[in-house]
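Visitor: I should like to go through this structure with you, one region at a time. Where shall we begin?

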Amino acid sequence: MRVTHQRHPLAGSSLDYPLQETSRRRKRGVPFLTSSTRCSSSPRVVRCGVRFRPCIDIHKGKVKQIVGSTLEDSNEGNSSLFAQLYKEDELGGGHVIMLDADALSRSAALEALHTYPGGLQIGGGINLDNALSYLEEGASHVIVTSYVFSDGKMDLEKLKRLVNLTGKNRLVLDLSCRKKNGKYFIVTDRWQKFTDVFLDEESLAFLSAFADEFLVHGVDVEGKRLGIDEELVTLLGCLSSIPVTYAGGVATMVDLERIKSAGSERVDLTVGSALDIFGGDLPYKEVVGWHQKQQALAGQPNPNL
């Protein structure tokens, strides 16, 4: 019987060195990580403790949260008030997401950036024409999905142009994904359209050459408050060589510890609709306290590194 191998969707570019390297590792007998692998050690990224990354989702100028498959208003104020709260609590690396490209949402997003300059990333409709303007308005990074992943495929030329414009150190790739046929495929268009790119060692190594961080929503559990996608967190902790933030399914403080453990203390986390400031039951102050504890522990030896 003749065995054929499916070509990786990111192969074939002049920039596919990471793909070539993982192929060489296989031939040399170097262990290849899969989503079921638990990390006992890693030669990759050195972290400074698991971090809580706050969020501000904006729809038609108002702060909202995804609950199940619908959008709900937050219980507290406007975008600038949330940004001020995060600034006072010294929570860096949070993200502002414009769920619509309307003028009201852009205005609200800019208010947040002006309130906490350098403390927030921004995503939603980011492209070659507007990326620099958001950085100039105070965003630490721009977050990109649809501009790079469109019509079910990755547009490498667009990604290269964007990186040349912003620099790798100001770009976050949103690799939010859904599971299909045992693999986590990147999804776009409000997470309804599957691309042909799935998360594995090759794709994450390739994409890490173009981004400072990854943001990954576990779409299958996002907004449901029914627990995290532990398999996805494990995959990210094992395979990402750059900082990565996971979102999806957090409901209790136990879930924070599960992310810390499953991600081998290499995966940051964000919490949305479950927080009491967004109408949920999880106390925001407890999450901030947990975050502060992780930072305090970061100076101690980490047995997982």
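Guide: Let us begin with a term: a residue counts as buried under 20% relative accessible area, as exposed over 50%, and as partly exposed in between. Please also note that this is a predicted model.

Visitor: Understood. Is Ala296 buried or exposed?
Guide: Ala296 has a relative accessibility of 57%, so Ala296 counts as exposed.

Visitor: Which helix holds Ala296?
Guide: Ala296 lies in helix α9, which covers residues 284-297.

Visitor: How far apart are Ala296 and Gly49 in sequence and in space?
Guide: In sequence, 247 residues separate Ala296 from Gly49, while their C-alpha atoms are 8.2 Å apart.

Visitor: What about the chain as a whole: how many helices and strands are there?
Guide: The protein chain has 9 helices and 15 strands. Of its 305 residues, 54% count as buried.

Visitor: And how much surface does the protein chain expose?
Guide: The exposed area is about 13,800 Å², and carbon and sulfur atoms supply 50% of that area.

Visitor: What share of the contacts join residues at least 24 apart?
Guide: The share is 70%, counted among contacts between residues at least 6 apart in sequence.

Visitor: Back to α9. At what angle do α8 and α9 pack?
Guide: Helix α8, residues 253-262, packs with α9 at an angle of about 30°, and their axes are 10 Å apart. That angle makes α8 roughly parallel to α9. The crossing of α8 past α9 is right-handed.

Visitor: Which residues meet there?
Guide: From α8 there are Met253, Leu256, Glu257 and Lys260; from α9 there are Glu286, Val287, Trp290, Gln294 and Leu297. By class, this contact of α8 with α9 has 5 nonpolar, 1 polar and 3 charged residues.

Visitor: How do α7 and α8 cross?
Guide: The axes of α7 and α8 cross at roughly 40° and come within 8 Å. That makes α7 oblique to α8.

Visitor: Which residues make the contact?
Guide: Glu230, Val233 and Thr234 of α7 make the contact with Arg258, Ile259 and Ala262 of α8. The classes in the contact of α7 with α8 are 3 nonpolar, 1 polar and 2 charged residues.

Visitor: Why is α7 described as largely enclosed by the rest of the structure?
Guide: Helix α7 spans residues 230-239, and 8 of its 10 residues are buried, so α7 is largely enclosed by the rest of the structure. The buried residues of α7 are Leu232, Val233, Thr234, Leu235, Leu236, Gly237, Cys238 and Leu239. Val233 and Thr234 also take part in the contact with α8.

Visitor: What lies in the loop between α8 and β15?
Guide: Ser264 is in that loop, with β15 at 267-270, and Glu265 is found there as well.

Visitor: What is phi for Ser264, and what is it for Glu265?
Guide: Phi of Ser264 is near 55°, and Glu265 has a positive phi of about 60°. Neither value follows the usual pattern, because most residues other than glycine have a negative phi.

Visitor: Is Ser264 buried or exposed?
Guide: Ser264 counts as buried, because its relative accessibility is 6%.

Visitor: New topic: where is Leu171, and is Leu171 buried or exposed?
Guide: Leu171 belongs to strand β9, residues 171-174. With a relative accessibility of 0%, Leu171 counts as buried.

Visitor: Which residues is Leu171 in contact with, leaving aside its neighbours within four places in sequence?
Guide: Those contacts are His141, Val142, Val144, Leu159, Leu162, Val163, Thr166, Phe210, Ala211, Asp212 and Glu213. For Asp212, the separation from Leu171 is 41 residues in sequence and 5.7 Å in space, C-alpha to C-alpha.

Visitor: One last pair. How do α2 and α3 pack?
Guide: Helix α2, residues 79-88, and helix α3, residues 103-115, pack at about 25° with their axes 8 Å apart. That makes α2 roughly parallel to α3. The crossing of α2 past α3 is right-handed.

Visitor: Which residues of α2 and α3 meet?
Guide: Ser79, Ser80, Ala83, Gln84 and Lys87 of α2 meet Ala108, Glu111, Ala112 and Thr115 of α3. These residues divide into 3 nonpolar, 4 polar and 2 charged.

Note on methods. Residues are numbered from 1 along each chain as its sequence is written. This is a predicted model: local features need pLDDT of at least 70, side-chain atom pairs count only at pLDDT 80 or more; totals for chains, interfaces and linings use all residues. Side-chain values use heavy atoms; hydrogens and water are left out. Axes are lines fitted to C-alpha atoms, for helices over the stretch in contact, and angles run from 0 to 180 degrees between N-to-C directions. Helices (H or I, at least four residues) and strands (E, at least two) are DSSP runs, numbered from the N terminus. Angles under 35 degrees count as roughly parallel, over 145 as roughly antiparallel, 65 to 115 as roughly perpendicular and the rest as oblique. A crossing is left-handed if the near helix is turned anticlockwise from the far one by less than a right angle, and right-handed if clockwise. Contact means heavy atoms within 4.5 Å. Ala, Val, Leu, Ile, Met, Phe, Trp, Tyr, Cys and Pro count as nonpolar, Asp, Glu, Lys and Arg as charged, and the others, Gly among them, as polar. Buried means under 20% relative accessible area, exposed over 50%, partly exposed in between (1.4 Å probe, protein chains only). Accessible areas come from the Shrake-Rupley method with a 1.4 Å probe; for residues, only the protein chains shown count as cover.
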